[in-house]
Amino acid sequence: MRSVGRSVPRKEGLAKAQGRARYVDDLRFPGMLYGRTIRTAIPCGELLAVRLDFDPAGFTVVDHRDVPSRNVVALIQDDQPFLVEREIRHAEEPVLLLAHEDRDTLRSASVHLDCRPSEPVLDPERARRAFKEIAIEKGNLARGFAEADVVVEGEYRTGRQEHVYIEPQGVIAVPGAGSVTVYGSLQCPYYVHKALVALLGLPPEQVRVVQTETGGGFGGKEEYPSIVAGHAALLALKSGRPVKLVYDRLEDMAATTKRHPSIVRHRTGVTRDGRITAMEIDVLLDGGAYCTLSPVVLSRGCLHATGPYRCDNVRVRGRVVMTNTPPSGAFRGFGAPQTVFAAEVQMDRVAERLGVDPAAMRERNALRPGDTMATGQRLGADASALAVLREAVGRSDFHRKRRAWTGTNRGIGLSLFFHGAGFTGSGEVTLASRASLELLPRGARVLVGSTEMGQGTRTTLAQIVAETLSLPIERIEVADPDTARVPDSGPTVASRTCMVVGGLLKACAEEMKGRLGGLSPSAYLRRHGPLTVTKRYEAPPGTAWDDSTYRGDAYGTYGWGCDVAEVELDPVTYDVRPTRVTAVVEIGRAVNPLLAAGQVEGGTAQGLGWALLEEVVLREGRMANAQLTNYMVPTTLDTPPIDVTILESPYRQGPFGAKGVGEMPMSGPGPAVANAVRHLGLDARSLPITPERVLECASSSTAGEETSTRPR
Amino acid sequence: MRFVLNGRRRDVDAAPLKRLLDVLREDCGLTGTKEGCGEGECGACTVLVDGAPVNSCLVPFAHVRGRAVTTIEGLRGRRTGAVVREGGTQCGICTPGVLMAAASLGPRPSAARVRVALAGNLCRCTGYAGIVRALAGARAVPRPRVRRAGPSGRERTPRRGARRGAARPAKA
């Protein structure tokens with residue numbers, strides 16, 4: 001009875017398709033109130049006074065004075081308040097919370113904020129404050145540039161991106177006697193739990209967080225739900241009634257986190273025959289008004305900034321700065337798509353400068369097993385950059401199309417990329433995640449804090465357990481993530497769930513199998529009583545990481561990917577339309593091929609949106625297009641056929657060889673599309689490549705201006 | 001106000017300008033119809049009125065007086081299972097709306113027809129690949145392949161179009 005490697009249908013699939021799955025907005029509690037958030041409307045300044053322009057009868061009103069314990073969203077820096085006290089750092093900061101049993105009455109309540117505005121910092125290049133700076137050094141940069149025949153420089157920019165999970169943020173808080181329970185759409189129940197304990201000053205066991213079926217996350221429900229949950233809990237505790245706080249689309253788009261905008265500069269030294277001798281990279285991310293997860297986003301960005309290439313002399317400098325804009329935060333890829341975009345467009349420009357084919361340039365420099373990365377990490381046998389490159393080039397017929405389409409309105413471009421699976425550096429050791437497996441009369445129940453948000457957690461984890469216990473998949477249950485019932489398995493982020501938590505569950509199942517000693521589960525339970533096995537994460541032997549020097553094994557292992565994008569330019573409208581994407585990934589082992597491919601297909605589409613359509617327009621620090629009418633995500637008609645090939649090169653430490661897959665597909669489409677547009681003769685170095693930007697590229701001939709040839 | 005809901009006559013007391021979406025979810029208790037945007041862009045709230053798909057967030061209740069409304073709870077057919085089997089549902093929040101919009105498609109539609117019929121339904125998870133596979137047939141769009149990379153990350157030379165090594169069938 002094999003489970004792993006089979007495309008078993010997702011466990012909750014039919015319930016979702018029949019409309020039976022219960023999302024947070026589908027739940028109601030007796031006596032429930034609706035909540036609403038009143039926000040600052042200026043990007044920078046001071047709050048002087050609040051005036052309620054409505055009859056407060058029947059309303060519950062909460063401000064910062066109602067916070068029982070600490071008015072900070074506990075995360076990395078504890079700098080962000082749940083409710084503004086005086087200082088205003090961005091235009092969507094929550095000031096006041098209202099609750100009422102009638103939604104229309106609630107909506108019509110008007111509040112006046114008396115503020116003293118001051119001059120905001122909106123340009124990250126003029127920011128005065130950095131949340132984090134990072135430096136990665138390898139070899140000797142001066143020597144590397146001295147060895148080079150050619151030096152190519154370039155600057156690359158990417159914009160904010162909104163997650164657009166189709167289910168907006170939402171929670172319901174239910175008060176108890178000295179306790180609170182929060183049900184919500186979220187990725188990380190224990191992040192919310194930690195934030196609520198700090199906010200409310202309650203003992204941890206009096207705070208319970210339950211994840212409801214979650215309609216998409218993509219990182220957007222990693223840290224932000226702590227804020228929504230805190231607000232709902234404050235209203236619930238003050239009113240003594242359950243409070244539902246569900247954002248509408250406008251509020252969700254305007255107020256919640258976005259992908260960090262980036263400015264990345266490259267200086268690359270290369271010999272005439274195409275060997276890279278030096279890479280100098282400067283990464284700047286706009287973190288917005290509060291720290292959130294920015295230091296870790298910067299870290300992942302910097303660790304992927306070289307692209308998947310070997311080079312002996314590297315310097316990466318990174319900075320994430322504060323501006324008076326709504327905070328940037330986690331978004332699929334977590335900094336890597338931004339830096340990989342820069343690296344991959346730079347690589348095409350280097351190839352262009354040398355007159356070398358882009359695939360050959362990558363073939364020459366791609367990381368191989370045994371190579372050393374910028375941090376000194378030595379790659380294992382599963383380093384598959386060449387394998388994915390060759391497969392994608394062959395499968396897409398890249399060379400023939402490249403030749404045939406030159407000088408036409410069709411373009412083809414490729415990108416080679418990689419993604420570290422799991423938490424960065426010592427992150428997994430610090431998390432010390434736990435997973436449990438409970439023996440049931442007919443099988444077993446998985447107890448983990450990892451959440452299903454569409455990516456297939458329930459199904460793949462059950463497959464790993466079923467395979468190990470030699471039981472049919474139907475006999476494996478997965479408990480709902482509820483902090484009162486499941487251990488903290490770490491957050492559901494960083495492409496870590498299948499690889500890390502799946503690995504813990506495999507160890508649980510192996511021990512359980514040993515204890516059963518050939519008995520059936522029911523016979524064991526009759527003879528020995530209940531059995532639950534728990535495992536805690538331990539670093540694989542021989543891995544080391546130093547946070548202070550950025551030396552060592554940044555990630556346990558890496559997934560590898562290569563995208564080939566084919567585009568068509570409309571010469572009248574300057575619309576760039578993708579016509580086909582060939583996506584090849586190497587992910588160790590596909591526990592469930594259909595679900596893994598679904599991650600690649602969906603991530604590729606999301607990457608195409610970031611590349612071509614999705615642009616957050618800020619005016620005075622506020623999102624001016626906070627609606628789906630003019631913030632455009634790809635529809636069926638904008639999404640081309642995506643041809644997915646999954647290569648398997650098992651990772652020894654992963655369950656059945658599996659590595660992470662969720663985030664990586666986000667990194668490929670941006671640069672592949674930009675390089676396809678470059679093939680059209682347009683020097684596109686920033687995303688999104690909207691018709692307006694194509695027009696700019698077409699009217700300026702910048703090719704080669706930042707290139708210099710060095711005399712030897 | 002009287003109307004027909006999923007084949008049964010109903011008389012519901014709700015304000016005539018209340019959104020059909022809210023009447024269905026709150027007054028009728030049918031929460032399979034989802035709200036994604038409230039502005040008619042995402043299609044998560046798609047239902048059928050007299051057989052035609054509409055965004056129920058844009059339709060006032062009065063509009064359906066005496067008419068037949070079908071929601072996901074009243075939908076029958078094989079497409080539901082196909083969407084699950086082909087990976088057309090991930091987070092699932094768009095899926096009821098997708099299936100309702102697809103209900104207007106005739107039998108065996110082409111991929112192009114499916115894409116046009118679903119152009120008003122946003123899905124952020126699947127890239128629409130699994131959805132189109134489910135509705136237009138598995139051959140309508142590229143089918144994902146799985147193959148072994150060679151030892152040390154060096155693959156066996158792949159032959160273009162070779163199906164050999166498409167190791168694991170994607171069927172359950």
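Guide: Two residues are in contact if their C-beta atoms, placed from the backbone, lie within 7 Å. The structure shown here is a predicted model, and that cut-off is the one to keep in mind when its chains and domains are said to touch.

Visitor: How many residues does the contact take from chain A and from chain B, and how do you know that they belong to it?

Guide: The contact takes 70 residues from chain A and 55 residues from chain B; they belong to it because the test is a C-beta distance within 7 Å. On the side of chain A that touches chain B, helix H1 (13–17), helix H10 (385–396), helix H16 (593–612) and strand S27 (642–648) of chain A each supply at least two residues, and the largest share, ten residues, comes from H16(A).

Visitor: What makes residues of that side of chain A nonpolar, polar or charged, and how do they divide?

Guide: The residue type decides, because Asp, Glu, Lys and Arg count as charged, while Gly, for instance, is among the polar ones. On the side of chain A that touches chain B, the residues divide into 29 nonpolar, 23 polar and 18 charged.

Visitor: How do you know that S27(A) and strand S6 of chain B pair?

Guide: Pairing asks for at least two bridges between the strands, and S27(A) and strand S6 (residues 145–148) of chain B have four bridges, in the parallel sense; therefore they count as paired. At one place in this pairing, A:Glu648 has B:Arg148 in S6(B) as its bridge partner.

Visitor: What makes strand S19 and strand S20 of chain A edge strands?

Guide: Each of them, strand S19 (476–478) and strand S20 (532–536) of chain A, pairs on one side only. They belong to an open sheet of four strands in chain A, in the order S19-S18-S17-S20, whose pairing is mixed. Neighbouring strands of this sheet are turned by 20 degrees against each other on average, direction ignored.

Visitor: Why do strand S18 of chain A and S19(A) count as paired?

Guide: Three bridges join strand S18 (residues 444–447) of chain A to S19(A), and because at least two are required, the two strands, which run parallel, count as paired. Within this pairing, A:Ala444 stands opposite A:Ile476 in S19(A).

Visitor: Which helix packs on the sheet, and which strands does that helix touch?

Guide: Helix H14 (residues 497–516) of chain A packs on the sheet and touches strand S17 (434–439), S18 and S20 of chain A. The direction of helix H14 makes about 35 degrees with that of S17(A).

How values were computed. Residues are numbered from 1 along each chain as its sequence is written. Chains are lettered from A and ligands numbered from 1 in the order in which they are written. This is a predicted model: local features need pLDDT of at least 70, side-chain atom pairs count only at pLDDT 80 or more; totals for chains, interfaces and linings use all residues. Axes are lines fitted to C-alpha atoms, for helices over the stretch in contact, and angles run from 0 to 180 degrees between N-to-C directions.
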